[in-house]
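Biologist: Could you take me through this one? I'd like to hear what stands behind each label.

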Amino acid sequence: MLQPPTPHRVAVIAPSPVSMFNLAIPEMLFGKVVSHGQPGYDVIICAAETGPLPTSAGLDLQVRHGLDALGEADTVMVAGTGAPYEPDPRIVAAIREAAADGKRIAALCTGTFQLAEAGLLQGRKATTYWAHADELRRRYPDVDLCGDVLYVQDGPYLTASGYAAGIDLCLHIIRTDYGAAVANEVARLALVAPVRPGGQTQFTLTPLPPERGTTCADTRAWAMRNLDKPLTLTDLARHAGVSVRTLTRRFHAESGVSPLQWLLHQRIERAKELLETTTLPMDQIAHTSGLGTADSLRAHLVRRTGLTPTAYRAQFSHRGVSRGAA
């Protein structure tokens, strides 16, 4: 009689103070995998010390397993922490040893710092939460940081960017181990998006710098009311009652960007809002946001988000998918 396959063992390391959301993702997804009527994964939470473990939410979790659990694991996953710039030397040593044993090693969010400190990412592609990308790049210049993707796999090492990207990374692992059909079924059961390619751009707000003055506030407000018009630098300067050179200098001093950069940002944000909240056709959205044509809308949105307008609407729409052309 054939024996069912042994569950794939995943040891999730919880650095202190651990992100509770990061810690919940592996159990939520891996726990839904069934293979030949048996659990597909055996997930163990471990830490550098057993007992109470602080979380970034101010609560304590009771952890029963120490880092010796890595010895029996097939995959080691490091959760994110509220102290990303202080890698725990005990965790660093443990994952370095696990790597030497040939185990697959993954990091969620700021867990990437632990892998980088262990030297596992030298000359390799990796990612982390966008807000910490500059610091990781500064501390570990030998890492080929991909700052605008959901997750990256380079050899046996996988890293995910922000919080929800950990879901995408876990689904990618499930797909690798058990196939796309199983991964998509897990996504359906967990009520999350199906497996997404790791190269998809992180959906950050890409905020503009905070405004530092009000000299051009009236002109900015006027431009926002007229985004559907082909505004030029001359138009903006005329409204402000100054020369183009003076407008550009004041605008940059107050907004941190040039007038045209600011204007393009606002046009794209308006287009995204219309895609999410209306069923307008693409040509009309392009016109209303001042991006001109559907082709121009597509080019700017792909450059900003990695998605076509149709794909963006399908993923983020609150009103349903339009029949407009992509």
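Modeller: Let's start with helix 2, residues 89–100: at 1.5 Å a residue, its 12 residues should span 16 Å, and the end C-alpha atoms are 16 Å apart, which agrees. The expected span is 1.5 Å times one less than the number of residues. Helices here are DSSP runs of H or I with at least four residues, strands are E runs of at least two, and both are numbered from the N terminus.

Biologist: And what are the ground rules?

Modeller: This is a predicted model, so local features need pLDDT of at least 70 and side-chain atom pairs count only at pLDDT 80 or more, while totals for chains, interfaces and linings use all residues. Residues are numbered from 1 along each chain as its sequence is written, and side-chain values use heavy atoms, with hydrogens and water left out.

Biologist: Which residues of helix 2 are buried, and what makes them line one face?

Modeller: I91, V92, A94, I95, A98 and A99 are buried, meaning under 20% relative accessible area (exposed is over 50%, partly exposed in between; 1.4 Å probe, protein chains only). Seen down the axis, they fall within an arc of 165°, so they line one face of helix 2. That arc is taken over the directions from the helix axis to the C-beta atoms. The face turned away from the buried side carries the exposed P89, E97 and A100.

Biologist: What covers the buried residues of helix 2?

Modeller: The cover includes strands 1 (8–13), 7 (75–78), 8 (104–107) and 12 (157–160), plus helix 3 (112–117).

Biologist: Why are helix 8 and helix 9 called roughly perpendicular?

Modeller: The axes of helix 8 (residues 233–240) and helix 9 (residues 244–255) cross at roughly 85° and come within 9 Å. Angles of 65 to 115 degrees count as roughly perpendicular (under 35 is roughly parallel, over 145 roughly antiparallel, the rest oblique), so the label fits this pair. The contact, meaning heavy atoms within 4.5 Å, is made by L233, T234, L236, A237 and A240 of helix 8 with V244, L247 and T248 of helix 9.

Biologist: Why does T219 count as buried?

Modeller: T219 has 3% relative accessibility, so it counts as buried. T219 is found in helix 7 (residues 217–225). Leaving aside neighbours within four places in sequence, T219 is in contact with L236, H239 and A240. The C-alpha atoms of T219 and L236 are separated by 6.7 Å, though the two are 17 residues apart along the chain.

Biologist: And how much of the whole chain is buried?

Modeller: Buried residues make up 46% of the 326 residues.

Conventions: Axes fitted to C-alpha atoms, helices over the stretch in contact; angles between N-to-C directions.
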